[in-house]
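Me: Please take a close look at one part of this structure. I want the contact region between the chains, in one connected answer.

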Number of protein chains: 2
Amino acid sequence: MQAHDSRLESILDSVEALFARDGYHATSMRDIADASGLSVAGIYYYIPSKQIALAMVCERIFDRLDAGVPTPDSAATPIELLQRFVRSHLRYVLANDSAYRVLLHDMELLEGAASERVRLRKRNYFRSLAHMIARIDPAARFTARLAAGALFGMLNWAPTWYRAEIDGNCDQATDALTSLFLGGLLASGNVAEALL
Amino acid sequence: MQAHDSRLESILDSVEALFARDGYHATSMRDIADASGLSVAGIYYYIPSKQIALAMVCERIFDRLDAGVPTPDSAATPIELLQRFVRSHLRYVLANDSAYRVLLHDMELLEGAASERVRLRKRNYFRSLAHMIARIDPAARFTARLAAGALFGMLNWAPTWYRAEIDGNCDQATDALTSLFLGGLLASGNVAEALL
DNA sequence: GGAGCGCTCGAACGAACGTTCACTAGATTC
DNA sequence: GAATCTAGTGAACGTTCGTTCGAGCGCTCC
């Protein structure tokens with residue numbers, strides 16, 4: 001039972017890395033078998049199908065993302081909560097390149113019930129950030145929906161350009177992006193609009 | 001000659017739509033033939049291979065993106081130039097969902113010389129925005145590199161959440177995102193950092 | 001009226017795909 | 001020690017893949 005589970009986890013590690021590198025469709029069950037040190041048929045002892053392998057990998061990723069969502073405690077200010085969320089999210093996507101790429105490229109290839117389930121988790125994750133933002137912005141120059149979309153864009157795009165040796169370590173990038181976002185969110189309105 | 005070229009263009013329209021909807025690997029030459037009203041063999045009269053079809057589609061997309069990059073004229077302020085760039089870019093990615101999806105998902109599947117060429121065009125496009133930003137920010141709280149990455153993230157992520165009936169028309173979204181970005185870029189520093 | 005050309009086709013190629021099958025060596029249970 | 005279960009295998013299934021080939025159109029030019 002325990003041996004079975006840890007073996008499954010290591011297979012999913014391989015699957016995640018292969019899907020990230022080559023994409024879902026360009027990864028064959030032979031590739032997965034080779035990377036896992038099993039025969040092709042042996043893989044099917046642990047995973048019923050390639051589709052379900054993708055579903056398992058996606059669920060794992062959201063398990064880890066959700067674990068980073070800060071729970072509102074009475075001591076923390078809304079801005080502190082946002083800062084924690086950004087730090088957790090950015091750390092994950094920058095440190096787990098495979099997961100980021102599966103999420104970006106392959107998640108939408110899910111079908112059926114698994115697709116619905118993962119899509120719901122994605123929406124909930126998005127909303128948890130939107131709620132934090134709504135609690136911050138007093139003047140509400142922007143809808144929380146738009147602001148959350150913009151912030152997620154800044155964060156999820158980071159892996160495409162970020163390089164630690166140029167842009168500083170992950171926490172420095174977090175601080176910069178958070179400051180850029182909050183500066184825009186809380187700017188008194190006339191600061192930017194007068195210039196347009 | 002002319003008939004040949006317009007036929008090729010219409011085939012590339014089909015290819016772009018199919019790659020966008022199903023992805024490069026899940027699109028077969030049979031699919032392309034059906035969508036183009038030709039036989040499979042007939043497609044190869046216009047396109048030497050599936051790989052080159054992808055390269056052609058990517059080049060077309062950058063032709064259109066580049067056409068929207070504003071040329072600096074003496075009358076326009078740096079902020080006006082940025083505004084024009086953002087408007088042009090966002091209009092394109094929101095109105096051309098197929099192109100956006102090919103760019104996001106399939107461009108990286110290019111191989112060989114075509115890959116290098118397209119990658120270079122992407123980098124140049126990124127740099128044209130970074131240069132505009134560098135000319136705006138006087139205090140330089142952020143590197144132009146980070147600011148351009150953040151802005152591109154905001155814009156390129158928009159197709160994943162933007163819906164005209166909720167978020168207003170494309171120009172309204174442009175104004176909101178530009179204002180959010182410029183507000184953060186030009187914020188006096190202590191506005192946001194005092195809160196962290 | 002035949003030669004050449006631009007364009008299109010059906011048929012086929014070998015290779016790779018996801019999945020299933022019958023089977024086995026070893027451990028566990030009764 | 002017979003029966004059952006776990007973990008794994010090699011071989012094969014039918015299908016689809018990207019690509020190629022030879023041939024057949026309708027057209028223009030000599």
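How many residue pairs are in polar contact across the interface of chain B and chain A?

Reply: This is a predicted model: local features need pLDDT of at least 70, side-chain atom pairs count only at pLDDT 80 or more, and totals for chains, interfaces and linings use all residues. Residues are numbered from 1 along each chain as its sequence is written, chains are lettered from A in the order in which they are written, and side-chain values use heavy atoms, without hydrogens and water.

The rule finds 10 such pairs, both residues at pLDDT 80 or more. A polar contact is a pair of N or O atoms within 3.5 Å; within protein, one must be able to donate a hydrogen and the other to accept it, and residues adjacent in sequence count only if both atoms are side-chain atoms. On the chain B side, α10(B) gives the largest share, 11 residues. Helices are DSSP runs (H or I, at least four residues), numbered from the N terminus. That side divides into 23 nonpolar, 10 polar and 7 charged residues. Ala, Val, Leu, Ile, Met, Phe, Trp, Tyr, Cys and Pro count as nonpolar, Asp, Glu, Lys and Arg as charged, and the others, Gly among them, as polar.

Salt bridges number 4 across the interface. The rule wants a side-chain nitrogen of Lys or Arg within 4 Å of a carboxyl oxygen of Asp or Glu. One joins E108(B) to R101(A), with the closest N and O atoms 2.9 Å apart.

In all, 40 residues of chain B contact 40 of chain A (heavy atoms within 4.5 Å). R145(B), W157(B) and L180(B) supply 19% of the area that chain B buries against chain A, more than any other three residues. Buried area is the accessible area (1.4 Å probe) that two parts lose on being put together, summed over both.

Notes. Helix = DSSP H or I, 4+ residues; strand = E, 2+ residues; numbered from the N terminus.
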